[in-house]
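Open the model in your viewer and keep the selection tool at hand. The stops below say what to select next and what is there.

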Amino acid sequence: MKSLFYLSVLVCLTAQAAAQTFTSCNPLNTTNCPVDIALGTNHTYDFVTYEAGDTWNNTAGALDYGPSGAEFSINTRGDAPTITTNYYIFGGEVEVWMKAAPGQGVVSSIVLQSDDLDEVDWELIGGNNTHVQSNYFGKGNITSYDRAIWHPIDKPQEEFHNYTIRWTKETIEWFLDGASLRVLKYEEANGGKNFPQSPMFVRIGIWAGGDKNNDEYTVEWAGGETDYNKIPYT
């Protein structure tokens with residue numbers, strides 16, 4: 001089954017002081033989690049003509065809509081416009097057209113995540129206009145941070161690019177503008193133990209990895225401390 005999202009997204013970003021990875025109910029820790037709603041089909045969203053509605057949850061800031069699509073605009077510290085599907089996919093393909101935000105410490109994210117913290121990411125750093133990061137996590141395992149890979153990209157803050165994740169039970173593949181950049185095999189993820197293999201929702205948003213209240217390692221990864229005197233970052 002192929003689950004396809006096509007979003008014309010202009011991302012105008014500042015950021016939030018907290019990381020975006022969390023779960024409201026981890027089924028590994030309790031038996032009372034609600035049942036996940038499945039997409040079960042293909043779907044295309046063109047945000048030039050479509051506004052995030054019943055199929056998306058919008059948090060931490062309102063979206064604007066312009067001729068290039070959805071605009072994630074943050075005007076004050078603590079804003080973090082984010083949209084999350086209210087359904088899950090279990091394998092398939094997610095494709096996003098996006099222009100990332102500039103700004104030191106500002107992180108633009110495309111995330112697939114499960115309730116038990118399986119995760120597959122694209123992340124762009126506002127102070128880096130030459131590379132994009134692919135990454136993954138299995139069951140929230142953060143005992144090491146050696147899974148991220150940085151890939152060259154041309155002007156992600158000035159031009160729209162196509163970011164695609166193709167997920168099967170055997171592999172996860174990241175594509176940039178149609179070109180395959182990375183393939184993760186099941187057995188390469190700690191013998192399969194860290195291979196994302198539970199239903200995931202889709203989240204698109206931004207956060208201030210460089211917020212001064214974050215730990216020093218997060219601020220360093222995000223490219224330095226975020227300067228809120230320069231908001232909005234567009």
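A charge sits over a ring if NZ of Lys or CZ of Arg is within 6 Å of the ring centre and within 35 degrees of the ring normal. Select Arg147 and Tyr136 to see a case: Arg147 lies over the face of Tyr136, at 5.9 Å from the ring centre. Then select Arg182 and Trp174, where Arg182 lies over the face of Trp174 at 4.7 Å from the ring centre.

Some notes on the model before the next stop. This is a predicted model, in which local features need pLDDT of at least 70 and side-chain atom pairs count only at pLDDT 80 or more, while totals for chains, interfaces and linings use all residues. Residues are numbered from 1 along each chain as its sequence is written, and side-chain values use heavy atoms, with hydrogens and water left out.

**The sheet**

Helices (H or I, at least four residues) and strands (E, at least two) are DSSP runs, numbered from the N terminus. Two strands pair if DSSP finds at least two bridges between them. Switch to a cartoon view and find the open sheet of 7 strands, ordered S2-S5-S14-S7-S8-S9-S10 with antiparallel pairing. Strand S2 (56–59) and S10 stand at the edges; each has a single partner strand, so one side of each is left without a neighbour in the sheet. From one strand to the next, the twist averages 20° (axes are lines fitted to C-alpha atoms, for helices over the stretch in contact, and angles run from 0 to 180 degrees between N-to-C directions).

Now select residues 131–137, which are strand S9. Is this strand enclosed or open? Of its 7 residues, 6 are buried, so strand S9 is largely enclosed by the rest of the structure. Buried means under 20% relative accessible area, exposed over 50%, and partly exposed in between (1.4 Å probe, protein chains only).

Add strand S8 (residues 119–125), which pairs with S9 in the antiparallel sense over 5 bridges. The two strands form a hairpin with 5 residues between them. Within this pairing, Trp122 stands opposite Ser134 in S9.

Next add strand S10 (residues 149–152), which pairs with S9 in the antiparallel sense over 4 bridges. Which residue of S10 is the bridge partner of Gln133? It is Trp150. For Val132, the bridge partner in S10 is His151.

**Aromatic pairs**

A pair of aromatic rings is described by the distance of the centres and the angle of the planes. Rings of Phe, Tyr and Trp (its six-membered ring) pair if their centres lie within 6.5 Å; planes under 30 degrees apart count as stacked, over 60 as edge-to-face and the rest as tilted. A search of the whole structure finds 9 aromatic pairs.

Select Phe47 and Tyr65, an edge-to-face pair at 6.4 Å centre to centre with 80° between the planes. This pair links distant parts of the chain, 18 residues apart: Phe47 is in the loop between strand S1 (8–10) and S2, and Tyr65 is in strand S3 (residues 63–66). Phe47 is buried, with a relative accessible area of 0%, whereas Tyr65 counts as partly exposed at 28%.

Move to Tyr186 and Phe195, whose ring centres are 5.4 Å apart with planes at 55°, so the pair is tilted. Here Tyr186 is partly exposed at 31% relative accessible area, and Phe195 is buried at 1%.

To see a cluster, select Tyr45, Phe47, Trp56 and Tyr65, which are linked by ring pairs.

**Salt bridges**

Side chains of opposite charge can pair when their charged atoms come close. A salt bridge is a side-chain nitrogen of Lys or Arg within 4 Å of a carboxyl oxygen of Asp or Glu, and by this rule the count comes to 4.

Select Arg77 and Asp211, a salt bridge with the closest N and O atoms 2.8 Å apart. The two residues are 134 residues apart, with Arg77 in the loop between strand S4 (69–72) and strand S5 (82–85) and Asp211 in the loop between strand S14 (200–208) and helix H1 (216–221). Arg77 is partly exposed at 37%, while Asp211 is buried at 0%.

For the last stop, select Lys139 and Asp116, whose side chains meet in a salt bridge (3.9 Å, N to O). Lys139 is in the loop between S9 and S10, and Asp116 is in the loop between strand S7 (106–114) and S8. Add Asp118 to the selection: salt bridges that share partners join Asp116, Asp118 and Lys139 into one network.
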